[in-house]
Amino acid sequence: MYPQSSQKKYWKFSNEQQLANMRARHNQDYIAKHQEKWEASGKADFFLTVEEERHLLQHYCVNMKEFCKRFEPAMPKSVIGSAFHYFKRFYIYNSPMDYHPKEILATCVYLACKVEEFNVSIGQFIGNIKGDRSKAMDIILANELLLMQQLNYYLTIHNPFRPIEGFLIDIKTRCSLVNPDRLRMGIDEFIEKTYLTDICLLYAPSQIALAAVLHAASKEQENLDHYVTESLFQNSKEKLPVLIEAVRKIRSMVKAIDIPPKDVIRQIEKKLEACRNQETNLDRL
């Protein structure tokens, strides 16, 4: 299904540099559009830099992960994965100065609940939000159509969870590994970490799944190299170099995750309040 999906056709990108270039372009577009603010402020650093936007979005990815983990009733993994896809996609083509991440975050999770058929009402949903819940509901509902438009209505997400189950079943069948289910904790931890990266925009779900399985096996001091080369790709070894490089890069990206300090985020958010687009500031509702 994934090879013919809109996810692969429209939302899979070549490399990290392509994503960085796209985000930088939208940062500069926002600054050019709102140049009068800069001139009025008299400050050369009035707007967020590309790096500051990156730190801010990373911070809100952490917040989203924590929100989903403490959500009641317990949120399925597919909902969490889809919500992160939406959030990442939205900020390829939009600057956080145009749309505040705290507003888009909740909308992404709410939309993912609907798409993945996790049946919670808007009342149940906002019951998990701290602060002014009435205002939160207004913001989520006001942003829902905007989010779908920015996603070009491509809402079906292929997450790595089905491939993971397929690998575990196959390992039980064709590998001598004792109790493959003991890998699940390490797999889940790895997948959660991918949410703090752009991995979902760069690699296929099956590649992410295999990287998670191999990472979990290594944590258990198990080696699945023979399974991969002699069982999994026994009849298509020409594909191995590409797969090995993808798995290596995925694991490297997870290892390189950098969470910005809270004091840095406080400064960025203070700066954001001055330079954000007030026309899209739904906090004023």
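Is Asp-188 buried, partly exposed or exposed? Keep that in mind while we walk through this predicted model; we'll get to Asp-188 at the second salt bridge.

**Stop 1: colour the two domains.** Select 2-157 together with 259-275 and give them one colour; that's domain 1. Now select 160-256 and pick another colour for domain 2. Their centres, taken over C-alpha atoms, sit 28 Å apart.

**Stop 2: look at where they meet.** Here 25 residues of domain 1 are in contact with 15 residues of domain 2. Together the two domains bury about 1,700 Å², and 64% of that is on carbon and sulfur atoms. Show Glu-16, Lys-77 and Lys-88 as sticks: these three supply 30% of the area that domain 1 buries against domain 2, more than any other three residues.

**Stop 3: pick out the polar links.** Between the domains you can hunt for five salt bridges, and there are seven residue pairs in polar contact. On the domain 1 side, the elements giving two or more residues are H1 (6-11), H2 (16-33), H4 (50-70) and H5 (77-90). Of these, H5 gives the most, with eight residues. Sort that side of domain 1 by class and you get ten nonpolar, seven polar and eight charged residues.

**Stop 4: zoom in on two salt bridges.** Start with Glu-16, whose side chain meets that of Lys-249 in a salt bridge, 3.2 Å from N to O. Next, select Lys-77 and Asp-188, where the closest N and O atoms of the salt bridge are 3.0 Å apart. Lys-77 lies in helix H5 and Asp-188 in helix H10 (residues 184-194), so this pair ties together parts that are 111 residues apart in sequence. Back to the opening question: Asp-188 is partly exposed, with a relative accessible area of 29%. Lys-77 is partly exposed too, at 42%.

**Stop 5: stay on H10.** Select Glu-189 and Lys-219, which form a salt bridge with the closest N and O atoms 3.0 Å apart. Lys-219 lies in helix H12 (residues 205-219) and Glu-189 in H10, so the pair ties together parts 30 residues apart in sequence. Lys-219 is partly exposed at 48%, and Glu-189 is partly exposed at 35%.

**Stop 6: finish on a network.** Show Glu-165, Lys-172, Asp-181 and Arg-184, which are joined into one network by salt bridges that share partners. One of its links runs between Arg-184 and Asp-181, at 3.1 Å from N to O. Arg-184 is partly exposed at 30%, as is Asp-181 at 31%. If you'd like to keep exploring, the whole structure holds 18 salt bridges.

Terms used. Residues are numbered from 1 along each chain as its sequence is written. This is a predicted model: local features need pLDDT of at least 70, side-chain atom pairs count only at pLDDT 80 or more; totals for chains, interfaces and linings use all residues. Side-chain values use heavy atoms; hydrogens and water are left out. Domain bounds come from an automatic or database domain assignment. Contact means heavy atoms within 4.5 Å. Buried area is the accessible area (1.4 Å probe) that two parts lose on being put together, summed over both. A salt bridge is a side-chain nitrogen of Lys or Arg within 4 Å of a carboxyl oxygen of Asp or Glu. A polar contact is a pair of N or O atoms within 3.5 Å; within protein, one must be able to donate a hydrogen and the other to accept it, and residues adjacent in sequence count only if both atoms are side-chain atoms. Helices (H or I, at least four residues) and strands (E, at least two) are DSSP runs, numbered from the N terminus. Ala, Val, Leu, Ile, Met, Phe, Trp, Tyr, Cys and Pro count as nonpolar, Asp, Glu, Lys and Arg as charged, and the others, Gly among them, as polar. Buried means under 20% relative accessible area, exposed over 50%, partly exposed in between (1.4 Å probe, protein chains only).
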